[in-house]
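User: I'd like a close look at one part of this model, the ligand pocket, and then a walk outwards from there. Please keep it informal but careful with the cut-offs.

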Amino acid sequence: MKQYDLVIIGSGPAGFSAAVRGVDFGMKVCLIEGGHLGGAGIMNGALTSKTMYELSLDYSVAARVDRGYRASGLTVDYKQVRNTVIQAAKEKQYQMRSQIETFARNKQMQGSITLIHGMASFIDQHTLSVKTESGEENIKGENILIATGSQPRKYPDLEVDGERIINSEGILSLKHFPERILIIGSGIIGCEFATIFSNFKQTEVHLVDRANRVLPYEDDDVSDYVAENLTGNGVTIHHTAQLRTIVKHPGHLEVILDYDNGHSKVLEVDVALISIGRVSNLKYLKPENAGLTPTDKGILEINDNCQVIINGQPSNIYAAGDVTGHSQLYSVAELQGRKAVEKMAGKVGYPLDYSHMSTLMFFKPEVAAVGANEKMLQKAGIAYKAAYYSNKLINRAIAMRSTTGFIKILVSDDHEQRILGMRASGPQASSYIVSVAHLINQGDSLGEVLKIFYPHPSVAEGIQECLRTIGKRSIYKPMAFPDEIYIREWKPSDQMDQS
Ligand SMILES: Cc1cc2nc3c(=O)[nH]c(=O)nc-3n(C[C@H](O)[C@H](O)[C@H](O)COP(=O)(O)OP(=O)(O)OC[C@H]3O[C@@H](n4cnc5c(N)ncnc54)[C@H](O)[C@@H]3O)c2cc1C
Ligand SMILES: NC(=O)c1ccc[n+]([C@@H]2O[C@H](COP(=O)([O-])OP(=O)(O)OC[C@H]3O[C@@H](n4cnc5c(N)ncnc54)[C@H](O)[C@@H]3O)[C@@H](O)[C@H]2O)c1
């Protein structure tokens, strides 16, 4: 039986980053992948959806007629969009393969990666069975990392057929732009695909939101802003609606939606996309054979070093990424994968601190989030000031003729005035958000930001001007621009102003 220092199940961002970190420490690594190399980080996930988003955005800009140019004969073909998206995914997969092959080949080096295409399941705490195209083999690992990611949550009593009723894994199977699409679930995936299809302007888009606001975990003002932009882009949002049934007819799907206020609506669409969250992927793994017990929510609980606890003790089995039930993000998976391997190598450095984690949401315009929002601070009973600054006042946004957007920063309402979180939208929000992640990580107060020369013209200047409004030192004043600049304060004694 082949033996390795580290066996990793899953080659998504968690598994791949862990494999390469293993090589850094001279480990003999076996990476097992049962599906697409790179997992949901690449195919049917982050990279493919973002490629499609970028193409849709280019198209929607090209279709504009208010910028002094007018594209003539603008057309778009789904097959070619799809091919471009797959090309992007392959480009990344070939980079990954090149690195794996380099470390598989070079026997002079201590560290190595062996890639096995197959599905793995536990035999015991150190042994896995891997089913490949050529048969089944058993392999042994001193340490094992579970990085099996997540899969789309199933909608009760609704079968995904991959053609007309799909989840995010079926997007690239579509043969052409659907004339009408129903998206069920108004979280990040639902809102991103509603943005993409409405940007291409070939599809009538219906988004079903079971609550009264999309993105239920975000602050109400952010959710309302996203909904307004979706609606402005042509999306019909069905708030407080639940899907009752979908009946398949030869040429269309008949959908019944039930609204909270008692009425129902019958709609005709061509494709239904289910996007109601993702659940940990432990299906094939037989974790019980290794003594692992997933929680009621179906996740593997890990300690701060990403070790799975067996019989109350940290074990040789680690888990990282979506399978752990932490925020399902590429960056979280990558850092957890690295952290796990560092612990195996005896290098326990920094603790993973999720307080400055960022999420980028690819809507029109994009929305970026870092740290706490108002809902979180109110739940934790932390007094704060929220400063809001509209992109309408930011020169770079004016120059881009793209002033829809804002910066909202939360600071602690005490003498320290520490930066606790930011929500930002508009051009480049996904790039400058990390500057605030650094400030949160360092525990910086707003005073530190006010000392810095912010480059001009940059959209990031809004961060400084937003913070200047706290303490009444902004260049543009709320009194002159009450809708564009304002401060909101909250303390635990106030009534909860958000549900
Ligand atoms: C449509 C979509 C868009 C997204 N966009 C973003 C984004 O913009 N930004 C962001 O930060 N995050 C995004 N995400 C989330 C991000 O892709 C995930 O958080 C990330 O991929 C999780 O990484 P992972 O390594 O834990 O798992 P995965 O990437 O899911 O990889 C797990 C791998 O394990 C393999 N596997 C599972 N079981 C077995 C087994 N028994 N044997 C062998 N192999 C197995 C799977 O085939 C898979 O390849 C998106 C996700 C989706 C679905
Ligand atoms: N840009 C990004 O960072 C990005 C992009 C895509 C996905 N992701 C990750 O993928 C994960 C999954 O995305 P998602 O949008 O599927 O999940 P989500 O948790 O963001 O949203 C799920 C939505 O479905 C709704 N819902 C749940 N059950 C329902 C039901 N039975 N009927 C109707 N609605 C229901 C929820 O209220 C919520 O609005 C996210 O948590 C995110 O971390 C990230």
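Which of the 38 residues around ligand 1 come nearest?

Analyst: Glu33, Ala40, Lys50, Ala120 and Asp322 come nearest, out of 38 residues around ligand 1. Being near here means that one of the residue's heavy atoms lies within 4 Å of the molecule. Some ground rules before going on. This is a predicted model, where local features need pLDDT of at least 70 and side-chain atom pairs count only at pLDDT 80 or more, while totals for chains, interfaces and linings use all residues. Residues are numbered from 1 along each chain as its sequence is written, chains are lettered from A and ligands numbered from 1 in the order written, and side-chain values use heavy atoms, with hydrogens and water left out.

Start with aspartate 322: one of its polar side-chain atoms lies 2.8 Å from an oxygen atom of ligand 1. Two backbones also come into play. A backbone N or O atom of histidine 36 sits 3.4 Å from a ligand 1 oxygen, and for a polar backbone atom of glutamine 328 the distance to an oxygen of ligand 1 is 3.3 Å.

Aspartate 322 has a protein partner too, since its side chain makes a polar contact with the side chain of serine 150 at 2.7 Å. A polar contact is a pair of N or O atoms within 3.5 Å; within protein, one must be able to donate a hydrogen and the other to accept it, and residues adjacent in sequence count only if both atoms are side-chain atoms. Serine 150 belongs to strand 7 (residues 150-152). Helices (H or I, at least four residues) and strands (E, at least two) are DSSP runs, numbered from the N terminus. Serine 150 counts as buried because its relative accessible area is 8%; buried means under 20%, exposed over 50% and partly exposed in between (1.4 Å probe, protein chains only). Leaving aside neighbours within four places in sequence, serine 150 is in contact (heavy atoms within 4.5 Å) with Arg278, Val279, Ser280, Asn281, Asp322 and Gln328. So aspartate 322 and glutamine 328 turn up again, this time as contacts of serine 150.

Now for helix 3 (residues 78-105). Its 28 residues reach 40 Å from first C-alpha to last, close to the 40 Å expected at 1.5 Å a residue, where the expected span is 1.5 Å times one less than the number of residues. Its buried residues include Tyr78, Val85, Gln93 and Phe103. The buried residues of helix 3 pack against helix 1 (13-24), strand 2 (28-33), helix 2 (46-62), strand 3 (112-117) and helix 4 (188-200).

Helix 1 holds a salt bridge of its own: arginine 21 pairs with aspartate 24, with the closest N and O atoms 2.7 Å apart. A salt bridge is a side-chain nitrogen of Lys or Arg within 4 Å of a carboxyl oxygen of Asp or Glu. The two residues are three apart, about one turn of the helix. Arginine 21 counts as buried because its relative accessibility is 17%, whereas aspartate 24, at 48%, is partly exposed.

Another salt bridge joins arginine 488 to aspartate 221 (3.0 Å, N to O). That pair links distant parts of the chain, 267 residues apart: arginine 488 is in strand 24 (residues 485-490) and aspartate 221 in helix 5 (residues 220-232). The whole structure has 24 salt bridges.
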